[in-house]
Amino acid sequence: PWAMSHRRHHMYHNHQKKDASHPWFTKSSLTKLPSFTQSFLKSPLAPFLAYPIYLFEGSFDGSHVNPLSKLYRGSSTRAKVECVVSAVSVGAFFAAMYAACGFSA
């Protein structure tokens, strides 16, 4: 799934109108956003907080871990199954690392 999303990401990378993964904001389009969103985007922490949101929620080009998102529209069943397997594998790895480090709920 990473290769597919990465290829789509670079298809129009830095194109002012077609880039889906990093939308361009003009001054006028930025002022149309809610004030909270404007403040958030101007924060130095925005890249660190927004990137996980972008991967999981996929507000611009679709979620990278949800095979039902717009990123996977038109994709094969195999690509969607690979997305699920990948997401479950990453979750299992994090759970194993959490347990291996001795953390408990």
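Thr26 is partly exposed, with a relative accessible area of 36%. In this predicted model, Thr26 sits in the loop that connects α1 (2–11) with α2 (27–31). Take the C-alpha atom of Thr26 and that of Phe93, 67 residues away along the chain, and the gap between them comes to 40 Å.

Stepping back to the whole chain, the protein is built with five helices and zero strands. Read from the N terminus, the order of elements is simply α-α-α-α-α. As for overall dimensions, the C-alpha trace spans about 50 × 35 × 20 Å along its principal axes. The radius of gyration is 17 Å, whereas a compact globule of 105 residues would come in near 13 Å.

How much of the protein is tucked away? Of its 105 residues, 19% count as buried. The exposed area of the protein adds up to about 8000 Å², and 67% of that is supplied by carbon and sulfur atoms. Contacts along the chain can be sorted by sequence distance too: taking those between residues at least 6 apart in sequence, 26% join residues at least 24 apart. On the charge side, there are 11 positive side chains and 4 negative ones, and the centres of these two sets are 8 Å apart.

Moving along to the third helix, Gln38 is found in α3, which covers residues 35–42. Is Gln38 buried or exposed? Gln38 counts as buried because its relative accessibility is 17%, and the cut-off for buried is under 20%. Thr26, at 36%, is partly exposed instead, since that class lies between the buried limit of 20% and the exposed limit of 50%. Leaving aside residues up to four places away in sequence, Gln38 touches Leu30, Thr31 and Leu33. Leu30 and Thr31 fall within the range given for α2 (27–31), so these contacts of Gln38 in α3 reach back to that helix.

Next comes helix α4, made up of twelve residues (46–57). From its first C-alpha to its last, α4 reaches 15 Å, close to the 16 Å expected at 1.5 Å a residue. Right after α4 comes Gly58, which takes a positive phi of about 65°.

Conventions
Residues numbered from 1 in each chain as written. Predicted model: local features only at pLDDT ≥ 70, side-chain atom pairs only at ≥ 80, totals over all residues. Heavy atoms only, no water. Helix = DSSP H or I, 4+ residues; strand = E, 2+ residues; numbered from the N terminus. Rg over C-alpha atoms; globule rule 2.2 N^0.38 Å. Buried < 20%, exposed > 50% of the residue type's maximum accessible area, 1.4 Å probe, protein only. Contact = heavy atoms within 4.5 Å. Areas by Shrake-Rupley, 256 points an atom, 1.4 Å probe, with all protein chains shown as cover. Lys, Arg positive; Asp, Glu negative; His and termini not counted. Charge placed at Lys NZ, Arg CZ, Asp CG, Glu CD. Expected span 1.5 Å × (residues − 1).
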